[in-house]
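Please look at the sequence and the model side by side before reading on. The paragraphs below take one helix and then one loop residue in turn.

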Amino acid sequence: MLEMSREEFEELVGEALDRIPAELTRLMDNVAVFVEDEPPDGDRELLGLYEGTPLTERGEWYAGVLPDRITIFRGPTLRMCRTREEVVEETEITVVHEIAHHFGIDDARLHALGYG
């Protein structure tokens with residue numbers, strides 16, 4: 001497994017977020033991004049997880065709720081990548097993938113766009 005400190009991985013996630021176009025980040029609403037070492041329930045291959053209500057499903061009832069949560073998992077990413085460059089690329093893909101869920105884009109469409 002590739003070695004990378006949690007701090008360095010968190011920095012890569014931050015850099016991936018910084019590369020998201022400002023036009024999109026301005027549209028993001030009530031969402032927080034976290035880094036965890038491992039996914040819940042022992043799913044050792046899960047790279048990221050979006051939990052919340054996508055923007056496309058929010059209605060007038062949507063008020064006073066906790067922020068949506070995007071979690072990027074360090075362990076699975078490091079296990080699947082052989083080089084730091086692969087980690088950078090995979091982290092960016094995962095961040096975009098999870099943000100897309102926040103915008104209501106499903107897995108089938110993401111796979112078609114190359115963000116599987």
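What follows is a walk through two parts of this structure, which is a predicted model.

Begin with helix H4, which runs over residues 84-102 and holds 19 residues. At 1.5 Å a residue, a helix with this number of residues should span 27 Å, and because the end C-alpha atoms of H4 are 27 Å apart, the expected span and the distance in the model agree. After H4 comes Gly-104, a residue with a positive phi, near 90°.

The buried residues of H4 include Val-87, Glu-90, Thr-91, Thr-94 and Val-95, and further along the helix His-97, Glu-98, Ile-99, Ala-100, His-101 and His-102. As for what these buried residues pack against, their partners are the helices H1 (6-18), H3 (74-80) and H5 (107-112), together with the strands S1 (31-36), S2 (48-51) and S3 (68-73).

Turn now to Asp-37, which is found in the loop between S1 and S2. Its relative accessibility is 31%, and because buried means under 20% and exposed means over 50%, Asp-37 counts as partly exposed.

Which residues does Asp-37 touch, once its neighbours within four places in sequence are left aside? The contacts are with Arg-6, Phe-73, Arg-74, Gly-75 and Pro-76. With Arg-6, the side chain of Asp-37 makes a polar contact of 3.4 Å, and with the side chain of Arg-74 it makes a polar contact of 3.0 Å. Asp-37 and Arg-74 are separated by 37 residues in sequence, yet their C-alpha atoms lie 4.8 Å apart in space.

Methods
Residues numbered from 1 in each chain as written. Predicted model: local features only at pLDDT ≥ 70, side-chain atom pairs only at ≥ 80, totals over all residues. Heavy atoms only, no water. Helix = DSSP H or I, 4+ residues; strand = E, 2+ residues; numbered from the N terminus. Expected span 1.5 Å × (residues − 1). Buried < 20%, exposed > 50% of the residue type's maximum accessible area, 1.4 Å probe, protein only. Contact = heavy atoms within 4.5 Å. Polar contact = N/O pair within 3.5 Å; in protein donor to acceptor, adjacent residues only side chain to side chain.
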